[in-house]
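Dear colleague,

I am passing on a structure that you have not worked with before, and my notes on it follow below. Please keep the view open while you read.

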Amino acid sequence: MNHPDESAAPALRRLLDLLASGAATEDFAEVLADARRRGASAGVLAEIDDATWQALRVHRTLRQHRRREAELTALFDTAGDLAASRDLDTVLQAIVRRARMLLGTDTAYLTLPDEAAGDTYMRVTDGSVSILFQTLRLSLGDGLGGLVAQTARPYATPDYRTDERFHHTGTIDAGVLDEGLVAIIGVPLLLGGQVIGVLFAADRSPRAFSPDEVALLCTLAAHAAIALDTAKSLADTRAALAELNAANELVRAHSAAVQRAEQAHDRLTDLVLRGAEVPDVAAAVAHLLDGEIAVLDAEGEPLAGRPAPAAELAGAVAASRAEGRSVRHGELWVCAVLAGHDTLGTLVLRGRPGLDDADRRLFERAGVVTALLLLLRRSVAETENRVRGELLTDLLTAPERDPAGLTARGRRLGVDLARPHLVLVAEPADHDGDDRGRLAGAARRYLFGSRGVSAEHGEAVVLLVPVAPGDADDPEQSAESTARRAAERLARLAGFPVTVGAGRPAAGPTALAASYGEGLRCVRALRVLGRAGEGASARALGFLGVLLGDGHDVDGFVGAALGPLLAYDACRGTELVRTLRAYFDCGGSLTRAKDELHVHVNTVVQRLDRVEALLGRDWNQPERSLELQLALRLQLLAGGGDG
């Protein structure tokens, strides 16, 4: 029998204590069982039973609230990770770990597609113990993940091994078996409707996943997608910033190059406007490019800087002319100096094998400025030469009319006729009148940069060239070498053989006109002798030069013909000159010559052998023999005796 004052209050207080302490569900049933053991009335037991069910409902609700609180906390933490822009690997690892914790699974993992390989790979795993599973790669469309990726929907299986909804492969099944997984759930990582990965949770025993768990995993997957998108955006932003920085550097470098080019252009232009010469421009360019500049004319002759082998540069010059740009030639840079299709010269840069685009453009701009300077100088030179040419024509036509007036007129034009000059007479080797105009142009280019004058006169082109100070000691030799060089250079400039005759150096209108006559006779003699296309002076023509020359330089002719013998006799006291004269006087007879000389015939032979050693093997040839006999006669007539 129950006591009349018996009530359910103690049991109810105990149920409240269990709720407050978060006791297990089994503990609530113990309260009703304990009341039965104490013999409580049916009414009390019914009241306790009803209170127990209410307490269990409250307990379940509190547990759900706590779970929701934990889920919300995890989601807030994940959102905080995303907002803090932490490292992508750290964020993804935290998401996978929270998925495993909240769903209470043995493992959780995330796969991402590998666009380069065309499959998917394990990006992050948590709770995995199998190396085979952690390194698993899945072909697109295979396994549960393939189905999730294809349909963009979550899928769960209580037992993956027996589920036929997925395309099983040996590789995937082996990895799942090695990890011991049974129940698996996968949800897509969606970004703009596109699946960019799959988030998984898995147990090693059969299990059904509730809709709340699926929804929670989808939320975490959304956070993972945001993390991936944020990381990609950050990477794109960094790449864009890097490209922008590179572009800024390029713009800055280009701006600096443009500014430097403008300054260089202004400096070079200022040099040209101030009347600077080619060496001045070359020095300025060398300073700007921190190298060594050489300027060559159209024939490869140096106008400034160190000479360069023109033959070796010919290919590079042709390439530069064809491309319209500078070209590299070994350790050198070569730029053709062009005016339209006309090659005026070449710039050669040394000491800068590595030339960037800005410096290369500066080098090419220097070529343009040099072309402008050469054209300007050529124009001025042609104008001056035309005016001076009129002076030269008047000088050659009537020198005796007003010598003082011609001298004063020349001084006003910058031509000092009182100073020694060489007169060169040049004709086309084939004597074609149509080539005289081209030869006149070649003569102007030949004299470019010097104080010489040229003019067309008669059938020839006449050049008046100042005698260099170093050539004043031996003017005859200077005339001979100058004529020879002029013939070679004019031939290159004109494009055909040129014959050049040089008169003896002279000063004053009358003497210069006489020198012109001598040079003209030399040209005609060269043509008659079959030596067209050569250059020579009267001295180089031997005894014929003595006859053609106005000065009749007998001593010079004798010295040129007999000089080695005269010097040998004077040094050793021998009689080679007397022996040679006796040999010629006796008609080349050794016997008669030894009688005249009163020596043994072997002595005559030995002396003539010495003559051959000094004069050359052709000394007894008809032409050379005639020249030697004439020199011996003139030497005797001049009072040289037997030497």
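To begin with the aromatic residues of this predicted model, Y160 and F166 are both buried. Rings count as a pair here if their centres lie within 6.5 Å, and by this rule there are 6 aromatic pairs. One of them is formed by Y160 and F166, which are stacked, with 5.7 Å from centre to centre and 10° between the planes. Elsewhere, Y109, F133 and F200 make up one aromatic cluster.

The next item is a pair of helices, α18 (residues 576-585) and α19 (residues 590-597), whose axes come within 8 Å and cross at roughly 130°. That angle makes α18 oblique to α19, and the crossing in which α18 passes α19 is right-handed. On the α18 side the residues in contact are R578, T579, A582, Y583 and D585, and they meet L590, R592, A593, E596 and L597 of α19. Sorted by class, this contact of α18 with α19 holds 5 nonpolar, 1 polar and 4 charged residues.

Lastly, please look at T393, which is located in helix α11 (residues 357-397). Is T393 buried or exposed? Neither word fits fully, because its relative accessible area is 25%, and T393 is therefore partly exposed. If neighbours within four places in sequence are left aside, T393 is in contact with A455, E456 and H457. The C-alpha atoms of T393 and V462 are separated by 9.0 Å, although these two residues are 69 residues apart along the chain.

With best regards

Technical notes. Residues are numbered from 1 along each chain as its sequence is written. This is a predicted model: local features need pLDDT of at least 70, side-chain atom pairs count only at pLDDT 80 or more; totals for chains, interfaces and linings use all residues. Side-chain values use heavy atoms; hydrogens and water are left out. Axes are lines fitted to C-alpha atoms, for helices over the stretch in contact, and angles run from 0 to 180 degrees between N-to-C directions. Helices (H or I, at least four residues) and strands (E, at least two) are DSSP runs, numbered from the N terminus. Angles under 35 degrees count as roughly parallel, over 145 as roughly antiparallel, 65 to 115 as roughly perpendicular and the rest as oblique. A crossing is left-handed if the near helix is turned anticlockwise from the far one by less than a right angle, and right-handed if clockwise. Contact means heavy atoms within 4.5 Å. Ala, Val, Leu, Ile, Met, Phe, Trp, Tyr, Cys and Pro count as nonpolar, Asp, Glu, Lys and Arg as charged, and the others, Gly among them, as polar. Rings of Phe, Tyr and Trp (its six-membered ring) pair if their centres lie within 6.5 Å; planes under 30 degrees apart count as stacked, over 60 as edge-to-face and the rest as tilted. Buried means under 20% relative accessible area, exposed over 50%, partly exposed in between (1.4 Å probe, protein chains only).
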